[in-house]
Amino acid sequence: MNSTWPLVHAERAALAADLADLTDDRWATTSLCSELTVREVLAHLTAGAVLSFPRWFLGVLRARFDFDRQVVDRLREQLGDSPAETLAKFQAAVNRSTTPLGFRGSPVGALAEQVVHAEDIRRPLGIRRVPPAEVLVPVAEHYASSDVVVLAKGRIGGLRLVATDTGFTTGEGSEVRGPTLALIMAMTGRAVCCDDLSGDGVDELRGRC
């Protein structure tokens with residue numbers, strides 16, 4: 001588990017570098033999380049990196065157990081007054097090794113969230129980066145084995161996923177093949193990433209996204 005945190009930090013640093021020269025208008029680009037801009041997704045990542053369990057739970061109480069409202073409140077805290085401030089807050093959190101929740105906040109969970117949301121940001125901006133296999137495989141395995149927070153395991157039921165760039169495979173049934181990153185994004189409901197996949201099961205997976 002401890003060996004996972006350096007991977008989290010490296011992925012955060014890579015995203016911060018990719019966004020360093022982004023113009024203000026591009027920060028308003030709609031992310032793959034269609035209700036959020038890329039700037040707002042970055043603020044969400046910062047919130048997850050800096051939030052401790054006590055502060056998370058206090059926020060839940062203030063939101064009267066409205067978890068969506070709590071997420072939005074924490075996002076706004078990290079947004080700042082400008083894109084430059086949003087990025088600076090994220091840069092300051094790059095090397096943090098804290099998580100708000102045990103079930104959601106394991107190092108692998110933090111890595112998984114970082115990989116998915118980074119692609120939520122990069123893809124609409126036309127920025128391409130493929131994390132190394134040592135990052136992608138545990139993230140793919142994490143989502144393939146769990147429906148906690150994100151429905152992923154249930155989404156791929158009855159399908160066999162085969163990565164063409166790593167050794168990741170999972171499931172039985174109609175086959176879906178493609179890059180590990182695209183499989184991860186499809187598992188987590190990003191239908192557009194099914195465009196990068198092939199096989200008899202692609203249409204079924206796309207319909208479940």
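Start your tour of this predicted model by selecting Asp 18, which is partly exposed at 28% relative accessibility. Now add Arg 122: the two form a salt bridge, with their closest N and O atoms 2.7 Å apart. Zoom out and you will see that this pair links distant parts of the chain, since Asp 18 sits in helix H1 (residues 5-19) and Arg 122 in helix H6, 104 residues apart. Unlike its partner, Arg 122 is buried, at 2% relative accessibility.

Stay with H6 (residues 107-125) and bring up helix H7 (residues 133-144): their axes come within 9 Å and cross at roughly 105°. The two helices are therefore roughly perpendicular to each other. To view the contact, show side chains including Leu 111, Val 115 and Val 116 of H6, with Leu 136, Val 139 and Tyr 143 among those of H7.

Next, go to Arg 39 in helix H2 (residues 38-50). What is the nearest side chain of opposite charge to this arginine? It is Asp 81, 6.5 Å away, and Arg 39 is buried without a salt bridge. Look instead at the backbone oxygen of Ser 82, which lies 3.3 Å from a polar atom of the Arg 39 side chain. Other contacts of Arg 39 include Trp 27, Leu 79 and Thr 86.

For a last stop, select Arg 206 and Asp 195, whose side chains meet in a salt bridge (2.9 Å, N to O). Arg 206 is in helix H9 (residues 202-208), while Asp 195 lies in the loop between helix H8 (180-187) and H9. Here Asp 195 is exposed, at 51% relative accessible area, and Arg 206 is partly exposed, at 31%. In total, the structure holds eight salt bridges.

Conventions:
Residues numbered from 1 in each chain as written. Predicted model: local features only at pLDDT ≥ 70, side-chain atom pairs only at ≥ 80, totals over all residues. Heavy atoms only, no water. Helix = DSSP H or I, 4+ residues; strand = E, 2+ residues; numbered from the N terminus. Buried < 20%, exposed > 50% of the residue type's maximum accessible area, 1.4 Å probe, protein only. Lys, Arg positive; Asp, Glu negative; His and termini not counted. Salt bridge = Lys/Arg side-chain N within 4 Å of Asp/Glu carboxyl O. Polar contact = N/O pair within 3.5 Å; in protein donor to acceptor, adjacent residues only side chain to side chain. Contact = heavy atoms within 4.5 Å. Axes fitted to C-alpha atoms, helices over the stretch in contact; angles between N-to-C directions. Parallel < 35°, antiparallel > 145°, perpendicular 65-115°, else oblique. Lists of a residue's contacts leave out its neighbours within four places in sequence.
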